[in-house]
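This report describes the fold of one protein chain for a reader who is new to structural biology. Please keep the sequence and the three-dimensional view at hand while reading.

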Amino acid sequence: MIAIEEADALIKEKLPLITLVTGDDLGQYSQLKQLFLERIGFDPSDLTYSYFDFSENNFADAQMDLESLPFFSDEKVVIFDNLLDLTTAKKSYLDDKEAKSLEAYLTNPVETTRLVIFAPGKLDGKRRLVKLVKREAKIFEASQLKEAELRTHFQKLAHQAGLVFAKGAFDQLLIKSNFDFSEIQKNLAFLKAYKAGGQVDQIDIDQAIPKSLQDNLFDLTQYILQGKIDQARDLVRDLRLQGEDEIKLIAIMLGQFRLFTQVKILAQAGKNESAMVAQLSDLLGRKINPYQVKFALRDSRPLALSFLKEVMTVLINTDYQIKQGRLDKAYLFDVALLKIASSRQK
């Protein structure tokens, strides 16, 4: 059971002495936090709850409330929000003395107090404070879900909303949402508003869910690769009318083709998808979405490495020429698209 479903079954009366809500999938974490607060009935005007946001409050006030006995009821709930000291974030709010005080509380909590800690981000397992929390607390962690978990969770939500997906339609929803938890949640809400119930077809997905810039650039790339110049020009005209700048379009396209090239090289070196994700994440210094790699691998398969290198050269040169102000940027961008299409047809 994933964290958000486990939290959905939570009731305040069964809240443990110490609870940690955390996770580095920030979209899912936001949903998890909101649901958790709803399930425990948090009300800022209710004096049986105390709330401390460490980005605004100091530890001394929070500690005093945490260690004191409840006054208005038999038990109270104390919430520590944004306790980034538990995560790998560079920001921290506790000094050494305060951290030791919290460690002492974790090993000997007050029986009439329920401590809830919200810590967005990746837990820093090297810290003693984190090790203690892991040992003493009930943990709800919003980590990146596997594809099967995403499917099961959102198919369940769709069923509850009375939506039945035709063959391929649910896959289209996931792809359009980039397999991102918060994007799927948002796009499912679009679908529910568009269609109150019944069967959802692929055409419903296209009509109900707004196209993102990434969607449009993916379509543009496909038009160019397939030699559909008229459709490419129409799409570029629409993007310009929407206020999109050629330099921005080039940057996104360059990112797409760079990823195609990277996975192509790694595939030729015998790397599997998991190894590609790890190596690219290490190379770029940020976590790469595994589904980006999965679909880049699929889309780059028919493309020659020499062609990909030529595309990147064209885009880089076009970007340079636009920034130098040598010719009209719309003209230079159109010429770049023609060069790429021509190269692909050779």
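Helices and strands are here runs assigned by DSSP, with at least four residues for a helix and at least two for a strand, and they are numbered from the N terminus. By this definition the protein chain contains 16 helices and 7 strands. The model is a predicted one.

**The chain as a whole**

The protein chain has 346 residues, and buried residues make up 45% of them. Along the principal axes, the C-alpha atoms fill a box of roughly 80 × 50 × 40 Å. Contacts between residues at least 6 apart in sequence can also be sorted by their separation: 76% of them join residues at least 24 apart.

**The sheet**

Strands of a sheet pair through backbone hydrogen bonds, and this pairing is either parallel or antiparallel. In this chain, 5 strands form an open sheet in the order β2-β3-β4-β1-β5, and the pairing is parallel. The edges of the sheet are β2 (49-53) and β5 (138-141), each of which pairs on one side only. From one strand to the next, the twist averages 15 degrees.

One pair within the sheet may be examined in detail. Strand β3 (residues 76-81) runs parallel to strand β4 (residues 113-120), and 5 bridges connect the two. In this pairing, K76 stands opposite T113 in β4.

**Two pairs of packed helices**

Two helix pairs are set side by side in the following table.

| Helix pair | Crossing angle | Distance between axes |
|---|---|---|
| α12 and α13 | about 130 degrees | 11 Å |
| α7 and α8 | roughly 130 degrees | 9 Å |

How are such angles to be classified? An angle under 35 degrees counts as roughly parallel, one over 145 as roughly antiparallel, and one from 65 to 115 as roughly perpendicular, while the rest are oblique. The helices α12 and α13 are therefore oblique to each other. By the same reasoning, α7 and α8 are oblique to each other.

Helix α12 spans residues 246-268 and helix α13 spans residues 273-284. Their crossing is right-handed. On the side of α12, the contact is made by L259, Q262, V263, L266 and A267, and on the side of α13 by M276, Q279, L280 and L283. The residues of this contact divide into 7 nonpolar, 2 polar and no charged.

The crossing of α7 and α8 is likewise right-handed. Here L173, L174 and K176 of α7 meet I184, N187, L188 and L191 of α8. Which kinds of residue form the contact of α7 with α8? They divide into 5 nonpolar, 1 polar and 1 charged.

**Residues in and after helix α7**

Residue A169 belongs to helix α7, which covers residues 169-176. Is A169 buried or exposed? A169 is buried, because its relative accessible area is 0% and the limit for a buried residue is under 20%. Leaving out residues up to four places away in sequence, A169 touches V200, D201, Q202 and I205. Its relation to R135 is another matter: the two are 34 residues apart in sequence, and their C-alpha atoms are 43 Å apart in space.

The loop between α7 and α8 (181-194) contains N178. Although N178 is not a glycine, its phi is positive, at about 60 degrees. N178 is partly exposed, because its relative accessible area of 35% lies between the limits of 20% and 50%.

Residue F179 lies in the loop between α7 and α8 as well. Its phi is near 55 degrees, again a positive value in a residue other than glycine. With a relative accessibility of 7%, F179 counts as buried.

**A charged residue in helix α12**

Residue E246 is found in helix α12. Glu counts as a charged residue. Is E246 buried or exposed? At 5% relative accessibility, E246 counts as buried. Which residues are in contact with E246, leaving aside its neighbours within four places in sequence? These are R240, I322, K329, A330 and F333.

Methods
Residues numbered from 1 in each chain as written. Predicted model: local features only at pLDDT ≥ 70, side-chain atom pairs only at ≥ 80, totals over all residues. Heavy atoms only, no water. Buried < 20%, exposed > 50% of the residue type's maximum accessible area, 1.4 Å probe, protein only. Contact = heavy atoms within 4.5 Å. Axes fitted to C-alpha atoms, helices over the stretch in contact; angles between N-to-C directions. Left-handed = near helix turned anticlockwise from the far one by under 90°. Pairing = 2+ DSSP bridges.
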